[in-house]
Amino acid sequence: MKVWFALILCWQLLAPAYANEAVPLADDPVVEQRLITIAEELRCLVCQNESLAGSRAELANDLRREVRSLITAGKSDAEIKEFLVSRYGDFVLYKPPVKPSTWLLWFGPLLLLLGAVWLLIRTIRQTQNNANTEVLDDTKRARAQALLQETETSK
């Protein structure tokens with residue numbers, strides 16, 4: 001058992017010595033830097049809350065390859081984004097444009113917040129109105145006391 005533990009420990013200590021630095025996928029560092037800049041503005045379609053540059057999903061790798069090939073083909077950043085939006089919709093952009101089809105995306109959270117504030121104010125007012133119950137005058141108080149005494153004696 002000790003021998004196995006010693007071998008595993010040695011293997012763990014030597015493993016980092018065989019690690020290499022990651023090689024960029026493009027031969028041209030300018031293309032790779034432009035890819036990273038564009039990919040930071042795009043959403044991973046699988047992860048949805050992660051940029052295309054940071055995602056390690058298979059589809060993200062495919063999209064990065066596609067963007068890289070469009071860059072090497074001489075397309076501008078706007079043309080690349082337009083191509084991806086035509087294929088996947090505005091959802092692929094981290095900051096989609098404000099237009100009628102994205103109004104809910106842009107203004108939905110504000111509408112929800114306003115609705116929540118309205119509901120809170122309405123609930124507070126109803127609670128305050130219910131707290132202001134009618135004060136009993138002496139005749140009503142005497143009648144309530146009489147009713148309570150009747151129920152206690154009938155038990």
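What pattern does the protein chain follow when it is read along the sequence? The pattern is α-α-α-α-α-α, and the secondary structure accordingly comes to six helices and zero strands. The model is a predicted one, and for the protein chain the mean pLDDT is 84, with 88% of the residues reaching 70 or more. Among the elements of the chain, helix H1, which covers residues 2-14, has the lowest mean pLDDT, at 76, while H4 has the highest, at 92. This matters to a careful reader, since where pLDDT is low, the predicted coordinates should not be read in detail.

Two numbers describe the chain as a whole. Of its 155 residues, 19% are buried, and among the contacts that link residues at least 6 apart in sequence, 41% join residues at least 24 apart.

We can now turn to helix H2, which runs over residues 29-40. With twelve residues at 1.5 Å a residue, H2 should span 16 Å, and because its end C-alpha atoms are indeed 16 Å apart, the expected and the computed lengths agree. Which residues of H2 are buried? They are Val-31, Glu-32, Leu-35, Ile-38 and Ala-39. Seen down the axis of H2, these buried residues fall within an arc of 125°, so they line one face of the helix. The spacing along the sequence helps to make sense of such a face, because an α-helix has 3.6 residues a turn, so residues three or four places apart point the same way. On the face of H2 that is turned away from the buried side, the exposed residues Pro-29 and Val-30 are found. The cover over the buried residues of H2 includes helix H3, residues 58-72, and also H4.

The helices H2, H3 and H4 come together again in the largest nonpolar core, which has 19 residues; the ones with the most contacts inside this core are Ile-38, Leu-42, Leu-52, Val-67, Ile-71, Ile-80 and Leu-84. Each of H2, H3 and H4 supplies at least two residues of the core, and H3 gives the most, with five residues. Ile-38, one of the buried residues of H2, shows what such packing looks like from a single position: leaving out residues up to four places away in sequence, Ile-38 touches Val-67, Ile-71, Asp-77 and Ile-80.

Leu-70 offers a second view, this time from helix H3. Leu-70 has a relative accessible area of 12%, and because buried means under 20%, this residue counts as buried. When its neighbours within four places in sequence are set aside, Leu-70 is in contact with Lys-75, Ile-80 and Phe-83. The last of these, Phe-83, lies 13 residues from Leu-70 along the chain, and their C-alpha atoms are separated by 9.5 Å.

Helix H4 covers residues 77-88, and its length can be checked in the way used for H2: twelve residues at 1.5 Å each should span 16 Å, and the end C-alpha atoms of H4 are 16 Å apart, which agrees. After H4 comes Gly-89, whose phi is positive, near 85°.

The loop between H2 and H3 deserves a closer look, for it holds Cys-44 as well as Arg-56. Is Cys-44 buried or exposed? Cys-44 is buried, with a relative accessible area of 0%, whereas Arg-56 is exposed, with a relative accessible area of 64%. These two residues are twelve residues apart in sequence, and the distance between their C-alpha atoms is 9.2 Å. Beyond residues up to four places away in sequence, Cys-44 touches Glu-50, Ser-51, Leu-52, Ser-55, Ala-57 and Ala-60, while Arg-56, with its neighbours within four places likewise left aside, is in contact with Asn-61 and Arg-64.

One question about the cysteines remains: how many disulfides does the count come to? The count is zero. Cys-44 is in no disulfide, and the nearest cysteine sulfur, which belongs to Cys-47, is 3.5 Å away. Because a disulfide requires a pair of cysteine sulfur atoms within 2.5 Å, this pair does not qualify. Cys-47 is likewise in no disulfide, and Cys-47 is partly exposed, with a relative accessible area of 32%.

Key:
Residues are numbered from 1 along each chain as its sequence is written. This is a predicted model: local features need pLDDT of at least 70, side-chain atom pairs count only at pLDDT 80 or more; totals for chains, interfaces and linings use all residues. Side-chain values use heavy atoms; hydrogens and water are left out. Helices (H or I, at least four residues) and strands (E, at least two) are DSSP runs, numbered from the N terminus. The expected span of a helix is 1.5 Å times one less than its number of residues. Buried means under 20% relative accessible area, exposed over 50%, partly exposed in between (1.4 Å probe, protein chains only). The arc is that of the directions from the helix axis to the C-beta atoms. Contact means heavy atoms within 4.5 Å. pLDDT is the predictor's confidence in each residue, from 0 to 100. A nonpolar core is a set of buried Ala, Val, Leu, Ile, Met, Phe, Trp, Tyr and Cys residues joined through side-chain atoms within 4.5 Å.
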